[in-house]
Amino acid sequence: MKTLQEQLRGLDLMTSAALGGLSVQLQPIPGDVEVIQVSIEQRDALPIYVTCSDSQVLCMCYLWADEDVRAERRTELLETLLDLNPSVPLSSFGRVGKHYVLLGALSRNARAEDVAQDVAALSDNAIDALDAMSEFLN
Amino acid sequence: MSVLKKLAILMRSSVREIGESVVDANATRIYEQEILDAKHNVAQARGDLTGVMAKEMQSAREIERLRGEVARYEALALEALTKQQDTLAEEVAGRVAELELELDEQTKAHASYAVQVARLKELIKGAEAKIREHERQIVMAKTTESVYRATRSIADSVDGTGSKLLSAKESLERIRQRHEDLSDRMTAAEQLEREVGSKALEAKLAAAGIGPDADRRASILARIRARAETSVASGGADKPAVSE
């Protein structure tokens with residue numbers, strides 16, 4: 001099986017093209033699983049992280065953490081996320097530990113072009129999601 | 001219990017902190033071992049199946065042959081009887097009896113092979129379903145693990161560079177900034193569009209001979225012509241008509 005880095009060669013240019021020419025940079029993150037950070041011009045607060053398991057390529061964007069949620073509106077937030085989930089193109093809401101994430105999953109053998117489309121959609125969706133959910137956050 | 005159910009219980013109870021492995025490595029190993037065992041069983045059952053199916057075909061052929069032999073000897077016995085060779089006929093009948101015994105055995109064997117084939121096919125189907133199910137469970141477990149481990153790596157890496165990971169407030173601030181940026185740019189673009197748009201309109205009007213600039217060229221030419229005529233009248237046609 002190819003390493004993620006090999007598989008995603010050219011992801012920066014392809015993602016940039018998918019985002020209408022915004023500059024995109026890739027950076028591997030050290031650790032015990034392969035993770036590649038995708039930083040997008042003007043969106044540096046919301047990088048996308050690409051990682052993989054045996055069967056999937058996963059693109060993640062960390063939105064906010066448990067402590068950012070207004071306690072009195074938590075249930076409302078969770079219900080809104082569930083309600084919105086089917087409407088968000090290519091991405092799903094989720095939570096990893098205390099971090100709320102937006103997540104896109106592709107086949108382990110996905111082409112870099114497909115991952116680029118997913119990363120671009122994820123980035124756009126993440127901005128929309130933060131904007132839409134800001135009323136529930138501190 | 002399915003992995004999904006186990007995960008749900010795990011996540012609800014204690015292991016909300018990243019850093020601890022969510023998936024029991026031991027359970028994963030057991031699953032993987034079960035998959036390996038099941039695959040081994042399937043391979044073996046497939047081998048057995050081929051053998052039994054071959055025997056089933058052989059016994060079918062043997063039954064065919066024995067039936068032929070019975071028919072042939074019965075015909076011979078009939079011929080012996082018609083030729084009054086009763087002793088010979090009896091001997092042939094003895095041979096037919098032996099053949100029928102053999103045929104009986106082969107038929108029983110054939111039936112038992114058929115049963116075995118059906119059983120093995122069932123076994124293989126079951127084992128393959130089990131493999132698929134285990135593999136699905138493993139995928140869930142491993143994906144969960146990847147997500148958690150990646151998040152830990154990312155958190156470590158971001159902490160290491162001094163910036164705070166995943167602050168919603170900061171993100172929102174930046175996004176608002178970006179929106180303002182975008183709206184500034186849109187305003188600028190609108191202005192530009194207006195300016196360019198009005199210039200384009202003026203140019204069109206001038207081309208149509210409408211507006212203050214429209215006949216400037218014509219009036220200048222008329223002025224110069226008038227001077228030229230004055231100059232001709234005063235006899236200085238070769239002199240330039242400009243600069244006084």
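1. Chain B exposes about 17300 Å², and carbon and sulfur atoms supply 56% of that surface. For chain A the accessible surface is about 6200 Å², with 48% belonging to carbon and sulfur atoms. These areas come from the Shrake-Rupley method with a 1.4 Å probe, and for residues only the protein chains shown count as cover.

2. A word on ground rules before you look further. This is a predicted model, in which local features need pLDDT of at least 70 and side-chain atom pairs count only at pLDDT 80 or more, while totals for chains, interfaces and linings use all residues. Residues are numbered from 1 along each chain as its sequence is written, chains are lettered from A and ligands numbered from 1 in the order in which they are written, and side-chain values use heavy atoms, leaving out hydrogens and water.

3. Now trace the two folds. Chain A has four helices and six strands, arranged along the sequence as α-α-β-β-β-β-α-β-β-α. Chain B has five helices and zero strands, so its pattern from the N terminus reads α-α-α-α-α, with helices (H or I, at least four residues) and strands (E, at least two) taken as DSSP runs and numbered from the N terminus.

4. How much of each chain is buried? In chain A, buried residues make up 52% of the 138 residues; in chain B, 25% of the 244 residues count as buried. Here buried means under 20% relative accessible area, exposed over 50%, and partly exposed in between (1.4 Å probe, protein chains only).

5. Contacts (heavy atoms within 4.5 Å) tell you about links along the sequence. Among contacts in chain A with a separation of 6 or more, 58% are between residues 24 or more positions apart. For chain B, 78% of the contacts between residues at least 6 apart join residues at least 24 apart.

6. Confidence deserves a look too. The pLDDT, the predictor's confidence in each residue from 0 to 100, averages 79 in chain B, where 75% of the residues score at least 70. Among the elements of chain B, helix α2 (residues 25–82) has the highest mean pLDDT (90) and helix α4 (residues 168–207) the lowest (69). Over residues 15–20 of chain B the pLDDT is below 50, and this stretch has 16 contacts in the model beyond near neighbours in sequence. Where pLDDT is low, the predicted coordinates should not be read in detail.

7. Try finding A:Ile127 in helix α4 (residues 112–133) of chain A. A:Ile127 is buried, with a relative accessible area of 5%. Its C-alpha atom is 8.8 Å from that of A:Leu63, although the two are 64 residues apart along the chain.

8. Which residues carry a charge over a ring? The charged end of A:Arg95 sits over the ring of A:Tyr100, 5.8 Å from its centre, and B:Arg72 lies over the face of B:Tyr73, at 4.9 Å from the ring centre. The test is that NZ of Lys or CZ of Arg is within 6 Å of the ring centre and within 35 degrees of the ring normal.

9. Finally, check two backbone angles. Most residues other than glycine have a negative phi. A:Leu90, in the loop between α3 (74–84) and β5 (92–96) of chain A, has a positive phi near 65° and is exposed at 56% relative accessible area. B:Gln84, in the loop between α2 and α3 (86–160) of chain B, has a positive phi near 60° and counts as exposed at 66%.
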